[in-house]
Amino acid sequence: MSDMTIIGATSSRSVSAPSVRRAELRRIRIEPSTGWISLGLKDLWQYRELLYFLTWRDIKVRYKQTALGAAWAVIQPLFTMLVFTLFFGRLAKVPSDGIPYPLFSYTALLPWQLFAYALTESSNSVVANERLITKVYFPRLVVPLASIFAGLVDFVIAFTLVVGMMVWYGVRPTWAILTLPFFVVFAMATALGVGLWLSALNVQYRDVRYTLNFIVQFWLFASPVAYSSTLVPARWRPFYGLNPMAGVIEGFRWALLGKAQAPGAMLGVSVVVVGIVLVGGLYYYRRMEKTFADVV
Amino acid sequence: MTDVAIRCEGLAKQYRIGERESYKALRDVITDAFASPFHRFRSALRHSSNGAASKEEPYFWALDDVSFEIKSGEVVGIIGRNGAGKSTLLKILSRITEPTRGHADVWGRIGSLLEVGTGFHPELTGRDNIFLNGAILGMRRAEVARKFDQIVAFAEVEKFIDTPVKRYSSGMYVRLAFAVAAHMETEILLVDEVLAVGDAQFQKKCFEKFRQISTGGRAIVFVSHNMSAMRTVCQKGIVLDRGKVTEHGEINKVADRYLENMQPDLLSNEAETASFIVEEIYIGSEEGSVIKTFDDVKIRVKAKAKTDIVDPGLYVGLLSRDNQRITALDLKDFQTVPGITSGDSFELGFDISALPILPGSYELEVFLKDLGHHKIELVPGRVGFDVVESPVYGGRKIDSWYGQVGLRACGFAKVTSLINSDQ
């Protein structure tokens, strides 16, 4: 085969590598999968460029044909913060651990919006990419992952405002700020963990889409965004950590503003919860993904 | 020396009927399951005797025990009616869906082109979409970058490469999408009926590209309804019929036999009415029972008279699957038929020019008449036939969204510009 002559071939491939060498070829076996399957992380790594391009597509397309464009990334948390400040800060006089209330709520809204966006997008991602899933093979995990990463850009844009607010209120960051990336990743991991479950469920039961708004709203009030977790009695606080976003938000505030206490036991509980949800979600997703193309 | 590229052994795929509605491949398969009451009954019987599925269960096999081997460097065409399992087979080989039973071994990377422009985003420019689509098809970014100029040249969209593809004409869109896929460097390329799109010249270019790819030692599996395209591009053919491989061999032989076998496919059993024994009801175009929109079509009813018929007549209704009568023909509107003596054979029918029916599955309802005795007798059992998917209006494939009737039409556009209208 290697000495085959090519007549009139113009593509560079045919000239430089006319035939495929057998030994190099990877054999792929296609068969019904049974039992526990591997997470396929190696396959995922091979498709990292697709992950990059899908994220890039979501970002690039996001604010197309909007008048305000990327300003939306700031407007949303900003207005939520204003409303919270008026009603919770001024009228209800919710204590904010000695931090100016606008700064207090905005620092919580940053990871919250990242989480809420990532959760919503990833939960809908498989259904939204139906065409892709029914027509092309690629590791299916790429789809919810890409939608999680796409939210990061909004986060970075919205983050610039918090820098301005810290200067305005004269809040100096401490060394704790070095742990900030951890909390960002943690927020994304939480969204991914839950998003994996919901996106796979969404394929079979479109009810997920309708439940999602409700879940996100409910979750917002169950998380210390508008109030401080110190409102929760100290001995119950580790249980409060069962809501991983409590750990994320308090940790984020602490890392950025350095004023409140470092979240200890509560954060530990959150990490364990996210670990379980995420690993469970990964396996559940992998198990369900073989039916995606037939059912979605 | 030839190497095996794909080897399938006992591949089977079971679907549950009614699990989804809007999905094309499955819709095809389901309509096929209902396409002919005879087929359905027969296959149901077959399965229950295997003990695999009883008649009541809402399952059916889109692929049933499929085994074959494809060598590298071969271009193989998969032939079969709508819903014979062609798309399911490609889906399994491209790992989009898993088989229910059996396995396939594939040597090398698999590239699949089951739809033109999968993942194209209308808001993104041609340039962006080339990279995005390349990544979706499993190409490396560097690979796409290296072939970028070739892709653009192949698609002939140089001038519009930085324009969002939503502003592209459908021809440009298709050309660009195909160009990306055609430059994949996978050892195996699976192509569903995508070449039906684009103009004749571009199709020729694609076929040329296919030939180039296969001389490079790579295998191509190709699905199409276009028999003449298959004959030019493929060396081998595999015929699928209701999920089973019925033929595998040299393309011209396979295609000939396929077309031959399709002809007596309709109403193979005799049917009887009070005064007639119906031997055969045939509907077909010049290509046999592969019927495309606007083909010239013949309908023939062969029968024997059981009694003396004074004034024979024939009425044929054309019905959609959901039992709507699309149109009908009555022979008496065209001609008179001489009387038939008991025991005589006769053949009645119609020659229809340019059948304006869009792709889909349809049925014929046949009445034989003896107007002299005021007898109108329905032939039991309808005759199902398919109008195969094809680019009815020259461009993309038209599917059932466009209803059932094809129109002979031309487009019209007139733009009056306020600025330059004073000439």
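## Strands that pair

Two strands count as paired if DSSP finds at least two bridges between them. Keep that in mind as you look at this predicted model, starting with chain B. Strand β11 (residues 276-284) and strand β12 (residues 297-305) of chain B pair in the antiparallel sense, and eight bridges hold this pairing. For one spot to find on screen, go to Ile283(B): across from it, in β12(B), stands Ile299(B).

These two strands belong to an open sheet of four strands in chain B, ordered β10-β11-β12-β15, and the pairing is antiparallel. Which strands sit at the edges? They are β10 (271-272) and β15 of chain B, each pairing on one side only. As background, strands of a sheet pair through backbone hydrogen bonds, either parallel or antiparallel.

## A parallel pair

For the parallel kind, turn to strand β5 (residues 110-113) of chain B, which four bridges join to strand β6 (residues 188-191) of chain B. Within this parallel pair, Ser112(B) has Leu190(B) as its bridge partner in β6(B).

In a regular strand, side chains alternate between the two faces of the sheet. β5(B) is covered on both of its faces: Ile110(B) and Ser112(B) are buried on one side, Gly111(B) and Leu113(B) on the other.

## Chain B as a whole

Zooming out, chain B has nine helices and 18 strands. Of its 423 residues, 45% count as buried. Take the contacts in chain B with a separation of 6 or more: residues 24 or more positions apart account for 73% of them.

Ala12(B) gives you a concrete case. This residue lies in strand β1 (residues 4-16) of chain B and counts as buried because it has 21 C-beta neighbours inside 10 Å, where the cut-off for buried is 20 or more. Leaving out residues up to four places away in sequence, Ala12(B) touches several others, among them Trp61(B), Leu63(B), Asp65(B), Pro99(B) and Gly102(B). Val157(B) is another story: its C-alpha atom is 42 Å from that of Ala12(B), with the two positions 145 residues apart along the chain.

## Two unusual backbone angles

Asp65(B), one of the residues that Ala12(B) touches, is found in strand β2 (residues 59-71) of chain B. Its phi is near 55 degrees, a positive value in a residue other than glycine. Asp65(B) counts as partly exposed because it has 15 C-beta neighbours inside 10 Å, and that label covers counts between the exposed limit of 12 or fewer and the buried limit of 20 or more.

Arg242(B) also has a positive phi, about 45 degrees, although it is not a glycine. You'll find Arg242(B) in the loop between β8 (236-241) and β9 (244-250) of chain B. Is Arg242(B) buried or exposed? With 25 C-beta neighbours inside 10 Å, it counts as buried.

## A bent helix in chain A

Now hop over to chain A and look for helix α8 (residues 180-204), which has 25 residues. From its first C-alpha to its last, α8(A) reaches 37 Å, close to the 36 Å expected at 1.5 Å a residue. There is a bend of about 30 degrees in α8(A) at Gly195(A). The helix is mostly covered, with 19 of its 25 residues buried.

## Where the chains meet

The contact between the chains takes 37 residues from chain A and 46 residues from chain B. On the chain A side, the elements that give two or more residues include α1 (12-16), α6 (130-135) and α12 (265-295). α3(A) gives the most to this side, with six residues. The chain A side divides into 19 nonpolar, five polar and 13 charged residues.

Strands join across the two chains as well: four bridges link β1(A) to strand β4 (residues 101-107) of chain B, and the two run antiparallel. In that pairing, Ile30(A) has Ala104(B) in β4(B) as its bridge partner.

## How far to trust it

The model scores ipTM 0.81 and pTM 0.70. Chain B averages a pLDDT of 81, and 83% of the residues score at least 70. Within chain B, strand β15 (residues 345-352) has the highest confidence, at 94, while helix α2 (residues 37-50) has the lowest, at a mean of 44.

Two stretches of chain B need some caution. The pLDDT is below 50 over residues 19-26, which have seven contacts in the model beyond near neighbours in sequence. Over residues 36-56 of chain B the pLDDT is also below 50, with 13 such contacts. Where pLDDT is low, the predicted coordinates should not be read in detail.

Key. Residues are numbered from 1 along each chain as its sequence is written. Chains are lettered from A and ligands numbered from 1 in the order in which they are written. This is a predicted model: local features need pLDDT of at least 70, side-chain atom pairs count only at pLDDT 80 or more; totals for chains, interfaces and linings use all residues. Ala, Val, Leu, Ile, Met, Phe, Trp, Tyr, Cys and Pro count as nonpolar, Asp, Glu, Lys and Arg as charged, and the others, Gly among them, as polar. pLDDT is the predictor's confidence in each residue, from 0 to 100. The expected span of a helix is 1.5 Å times one less than its number of residues. The bend at a residue is the angle between axes fitted to the seven residues ending there and the seven starting there.
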